[in-house]
Every structure is written in structure tokens, then in C-alpha cells.
Amino acid sequence: MTDHQHGHHQTDDHSAHPVVVRHCDVAVLGGSAAGLAAALQLARQRRTVVVVDDGTPRNAPAEHMHGYLGREGAAPSTLVAVGREEVRSYGGEVLPGRALSVHRGHDSRFRVELTGGHTLVARRVLVATGLVDELPDVEGLAERWGQDVLHCPFCHGFEVRDQRVVQIVTHPRGLHPTPLLRHLTTRLTVVLHHPDGVDQSVVAALGEAGVPVVRDRVRRVLTGPDGAVSAVELADGRTLEADSVVVGPRFHARAEAVAPAGVTTTPHPTGLGDVVEVDQAGQTAVTGIYAAGNVTDPSLQVLPSAAHGSRVGATIAFSLAEEDLRDATRRSGEEVDWDHRYGGEDRMWSGNPNGTLVAEVADLAPGRALDVGAGEGADAIWLAERGWAVTATDISANALGHVGAEAQRRGVAVALLRTDANAPNAFGDAAYDLVSLQYGSFLRTPDQRGLRNLLGAVAPGGTLLVVSHDLTPLREPVDVASQTRMFDPGAYVGVEEIAAAIDASEGWKIEVRETRPRPRGATSTHHVEDVVLRAVRLA
């Protein structure tokens, strides 16, 4: 696979390298509970799914989440980390970045424009970007939001039980959670900061029940030496001691990116903000664009948001399957992506064999060779010219077309096999003296089928040679406002996973396992280190 994986890799300076256009079945905008749950459903249905997440979930300020069965009290970041790994284990990708706009193309697919100038072309789009809470303009509220300034009794009510709680009412719906708060603590004080439209019968009932109701504006929220809320200061100068504050925010759906495609927001029945309206299937008014989670309903906690995402993900899977049935097609999204990449007549890469391959096989006697993910075939043709009987494989028929044409031009024989490394018995029953995976990429699966196919193709006494980029730079943070990282190494089988499988198996000997400078001659220059794994299957 000569430089094959470079089709995904870019640096953070997109002016120095070509931007990337990738194709997938589903683009998911937003990678919190709803987006990841949908992505998991889709990846398990063998759909290529790419999640684009800018790392700004609604519950980011909260240290813990509650009411999530089986995850009670976990940090939201923990749920996201676990969810990402589950999605990646089925080959779904989670990219740090931001969607700027979505447009429908002439082929009815959606073009999702991303920061960095990159593009995802998707058959379906799922909006799971959530909401932005808009707090009242009261000094000190925002600084303690999600800690001891709260809004949801179900999310954090138990944690403030029996505390001194001051509720600041700022809109007509502000008293909606008050009966719940009264049951959680006997030390509740209600401040009617904006009393217009407030149900006075509820105010009267609170007074009769012994709950102090103060009619005054709040000037600021005070904190103590430890930084926690200590009191609420009123406009008339009085202070109300408090351990926590409850306030109901207004909200705004994060749906700007899909507006160019025709998705609009709808005022929420409470009058407190807007949402993206969807039908029972989770589809918006624009066919092919779906939405799930808080962007559709501000009342959803993390668990129902995840459940909603899961259900909508399943609905999207049905819609794709039914469309494929009508069209009598069954192509994988990964195949479509690579076929687009190799669809032109011009070469993508240098045409030179990979320098590490040249160095590592120099001492091997020619025999049968399998080039997994051959790309444009420079490695396969170089091996064939040196007496190897080569089979070049790739998921892309277009890539193999380039290999065949170049082999014919140079007068060498190269067998061509279009296959997915994750297909059953992907490489047939033959065994090879050399199996080469150069900068290759095939998706992970929990049962490691593709990895087992790769190792199983090596004959007793044969050599497995795996060369990959050093992916350490891809683990560095990215400024999502200016760049989207277009490749998720966690979704693909990497050198570490291959080495771990060999370590756990009997009958193998690892001869080389190291990181070294990349040889000269490659088209791309932004990868400077290679990771090399060479192992022999013992006879």
C-alpha cells in the first residue's frame, strides 16, 4: 500500500498540504452521548460513520452525571472516552474538528464542510450538536455553572439535599422545578428576579408551605475563600446565604451548520429557546438529515439522549439498507471512499517503492508475496521486478486498475485481488513467503477478523513486514476552530495491535520492532518517523 494511508493524513497547516475530501455513509456532527450512541449502532451495521466533535458538550462544566443506569456518578468525560473507544472498536471514526456548513450536492449526497478546508461527503447527516445554555446576566453565575450553580433537580438535586439553596427565577417557567427543590431541602429560598408571567398561584402556594419568596433582583452570586458559592447578593444590598444556586437558563440549538441545507430551528413550547424539530424517526424537515439528543429536546438527560441517539442511529441504518435494496447495491462505504480517492488518472503518490520495504526484504529470497492494500502498486511492481510472484490486494477496484496498467506497461506479472481485509477468508487459502502491509489501513473489529486474515496469510517460515507512520503527532490536541483532523488512527488496526497479537501467539518471532526516520523519496513530507515491525512465522 504505497503511501496509501497518506490519503487520510494531514498536518494542522492545511495551506502546506492538500485538503482532504472523504466519503462515508453517515457524518455525525457532535460526539457526546447522542452522537456516539448513534455512531455505535451504525458502525455495528457495517456502515462507515465519521463523528466530528469540537469538544464542547453541553454538560462540559459538570464533574459528574447522574441518573444514568450503570454509569451513576461517572464523569461525563469518562462516558465520552468509553463511548469513543466502543465506536472505534467497530471501525467508526471520531475526528476532532468542527462542521461549518452542510450542503446537498447534485448527487443527493451531503457535503459537510469542515475547518481546515476539508470535506466529508455523506449519504446521511446526523446532527447531535446539543444546545448552548444562555444564563441570565448576573455576575458570578457563569463562573460556577455546572458546579454549585445548577438548573436540573434530576441531574444534581440529590447532591444539594438539605443545603441552603437559593433559586433565582428569571422567566415565566422558572417555578417549574420548585416543588422538586422543596422536597429536596427545607432550606430553600426563591428569589423572583424577573416576576413577569410567573404563576402567582404557585407563588402563593410556596408561601403557604413556608418557602421564603423574595421579590427583588439579584445583583451577584458571592463565593467564599474556597471558591464555592457562599451567598446571593440582592439589589437592595441584602445577602442570602447559600450553598448552591438554582437557575433556569434559556437555550439555543447548535444547528447553524445545517442551515445552508435547509434545516431550521423551531421555537420550543416553553418559549425559552429553539430546537431542531424531528419526526418519530428523528428525521428533520430535510430528507436525509437527522437530529438526536438535546438539539431536539432540552429536557433530555444523558441517558435519554444516548437512547434517542441509539434509536435514530438504527433508523438511519434502516433508511440506508432500504435505499440499497431499491438500487440493488451493496457496496461498503470504505470501498466507495477509496474508489473516489483513486478515481482520477493522475498518480497520488511518487511511484517509488517504500524505502523501508526495499531495505527490509533485501536479504530475502524471492518467493510468493502478498501486498495488502497495494494502492497504486509501486511496492508490488518493485517486488515483481525482482523475481517475486506477487499478489496485489486492495479494497478499491480503481486502485487495482492503476496497478494493472502500470504492471503491463513495465512488462511484469502481478496478480490482482480486490478484497477487504475484513472479508471472510480475505486472501484465500494460499500462504505467502512475504506479507507486506505498508502504511496500510483496515478497520478494527472486536473479533479482529482482518488481523487474523493478515497473520493467517503468512506461510510457515514466511515474513510479515508492517510499516506505519509514527502516529504520535496525531495524539496532540488540535485547534478545532481552524483545523479538523481527517484521520482517526484509533479506528484502524495499527502496528501496536498487530504486535500484541503476535506476542500473544505461539510460533512467531519478532525480528524488528522500532521507530526510525522515514526513508527519502515519499510524496508526503509531513511524516518524519516510521514504525517498523518485522516478524517471522516459525516453521
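This passage describes a seven-stranded sheet, the helices packed on it and the residue A431. The model is predicted: local features need pLDDT of at least 70, side-chain atom pairs count only at pLDDT 80 or more, and totals for chains, interfaces and linings use all residues. Residues are numbered from 1 along each chain as its sequence is written, and side-chain values use heavy atoms, without hydrogens and water.

Helices (H or I, at least four residues) and strands (E, at least two) are DSSP runs, numbered from the N terminus. Strands pair through backbone hydrogen bonds, either parallel or antiparallel. Two strands count as paired if DSSP finds at least two bridges between them. Seven strands form an open, mixed sheet in the order β22-β21-β20-β23-β24-β26-β25. Its edges are β22 and β25 (508-517), each paired on one side only. The twist averages 15 degrees from one strand to the next. β25 pairs with β26 (residues 529-537) in the antiparallel sense, over nine bridges. T515 has V531 of β26 as its bridge partner.

Helix α10 (residues 397-410) packs on this sheet and touches β21 (389-394) and β22. Contact means heavy atoms within 4.5 Å. The directions of α10 and β22 make about 175 degrees. Axes are lines fitted to C-alpha atoms, for helices over the stretch in contact, and angles run from 0 to 180 degrees between N-to-C directions.

A431 sits in the loop between β22 (414-418) and β23 (432-438). A431 counts as partly exposed because its relative accessibility is 32%; buried means under 20% relative accessible area, exposed over 50%, partly exposed in between (1.4 Å probe, protein chains only). Leaving aside residues up to four places away in sequence, A431 touches R368, A457 and A459.
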